[in-house]
Amino acid sequence: MPVKAGQPLDPAATRARILAAAADVFYRRGIHAVGIAEVAEAAGASKLSIYKNFGSKAGLVEAVLRDRTQRVRGWHERNVEAAPAGRERVLAVFDLVASWYAEAGFRGCAMINAATEDRGFDGPPSQLAREHLGFYRDLFQRLLEEAGVADGRTVARQLVVVLEGATVVSAVDRDPGLGAQARTIAGVLVDAALPVDGGDR
């Protein structure tokens, strides 16, 4: 809400409110379809506040995506650590995204959506999307190696293809059941890569 006359300004709260509002409208309607005026209205802030905090619409988009990727990373790390050691930690990533696919308003991965809207330019959306995919590859590789998989790098790349492919298809088909199917495929890949004695199965 806008600050009433006489009330002290809270720059951090204003910035956070703008980020949250921009993340919502960009995700729902697409980056190119949304202007600064719409973000300002959704945030209950002035356009001047947006420009003061982020410099431009491009700066706001980059800030939204950086904030999003940090929250996604924390979300995964917390849930993975809570899962039993071994293959179940790998599959916990798929359990988590399956619950996300079932959420109201699910429209796919915000990072990949933004990179697609980048229209082939190598701007911050595309760069951050590559970092986002790199996070998943590194996470999977670490979990696979902890589970006893020798070639964790190769299997990690395969799992990212399964994960991101399922995310796109689930969003397009509006089928949350893709999460369970992706988990099944991931389980087959992990089991095939584990040592013959089963490792931590």
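Accessible areas here come from the Shrake-Rupley method with a 1.4 Å probe. With that in mind, the protein in this predicted model exposes about 10700 Å², and carbon and sulfur atoms supply 55% of that area. Its secondary structure comes to nine helices and zero strands. Let's walk through the model topic by topic.

**The whole protein**

- Reading along the sequence, you meet the pattern α-α-α-α-α-α-α-α-α.
- If you draw a box around the C-alpha atoms along the principal axes, it comes to roughly 70 × 35 × 30 Å.
- The protein has 201 residues, and 42% of them count as buried.
- Take the contacts with a separation of 6 or more: 65% of them join residues 24 or more positions apart.
- There are 25 positive and 25 negative charges, and the mean positions of the two sets are 7 Å apart.

**The nonpolar core**

- In soluble globular proteins, nonpolar side chains tend to be buried together.
- In this model, the largest nonpolar core has 56 residues.
- Phe 26, Leu 60 and Phe 140 are the residues with the most contacts inside that core.
- Not counting residues up to four places away in sequence, Leu 60 touches Ile 18, Ala 22, Phe 26, Ile 36, Val 39, Ile 50 and Phe 54.

**Regions named in the UniProt record**

- The unreviewed UniProt entry carries the annotation "domain: HTH tetR-type" for residues 12-72.
- Over residues 12-72, the chain is 82% helix and 0% strand, with the end C-alpha atoms 21 Å apart.
- The unreviewed entry also carries the annotation "DNA-binding region", which covers residues 35-54.
- Residues 35-54 are 80% helix and 0% strand, and the end C-alpha atoms of this span lie 14 Å apart.

**Two residues of helix 4**

- Helix 4 covers residues 57-82, and Thr 69 is found there.
- Thr 69 has a relative accessible area of 5%, so this residue is buried.
- Leaving aside neighbours within four places in sequence, Thr 69 is in contact with Met 111 and His 132.
- Val 64 lies in helix 4 too.
- Val 64 counts as buried because its relative accessibility is 7%, and the cut-off for buried is under 20%.
- Not counting residues up to four places away in sequence, Val 64 touches Leu 19, Ala 22, Ala 23 and Phe 26.
- Val 64 and Ala 20 are 44 residues apart in sequence, while their C-alpha atoms are 7.9 Å apart in space.

**A residue of helix 9**

- Ala 182 has its place in helix 9, which covers residues 178-193.
- With a relative accessible area of 4%, Ala 182 is buried.
- Phe 94, Val 162 and Ala 166 are in contact with Ala 182, leaving aside neighbours within four places in sequence.
- One of these partners, Val 162, is 20 residues from Ala 182 in sequence and 6.2 Å from Ala 182 in space, C-alpha to C-alpha.

**A residue before helix 1**

- Asp 10 sits in the segment before helix 1 (11-29).
- Why does Asp 10 count as partly exposed? Its relative accessible area is 43%, and partly exposed lies between the cut-offs of 20% and 50%.
- Asp 10 and Glu 38 are 28 residues apart in sequence, and their C-alpha atoms are 22 Å apart in space.

Key
Residues are numbered from 1 along each chain as its sequence is written. Side-chain values use heavy atoms; hydrogens and water are left out. A nonpolar core is a set of buried Ala, Val, Leu, Ile, Met, Phe, Trp, Tyr and Cys residues joined through side-chain atoms within 4.5 Å. Buried means under 20% relative accessible area, exposed over 50%, partly exposed in between (1.4 Å probe, protein chains only). Contact means heavy atoms within 4.5 Å. UniProt positions are given in the numbering used here, feature names are shortened, and annotations may be inferred rather than shown by experiment. Helices (H or I, at least four residues) and strands (E, at least two) are DSSP runs, numbered from the N terminus. Lys and Arg count as positive and Asp and Glu as negative; His and the chain ends are not counted. The place of a charge is taken as NZ of Lys, CZ of Arg, CG of Asp or CD of Glu.
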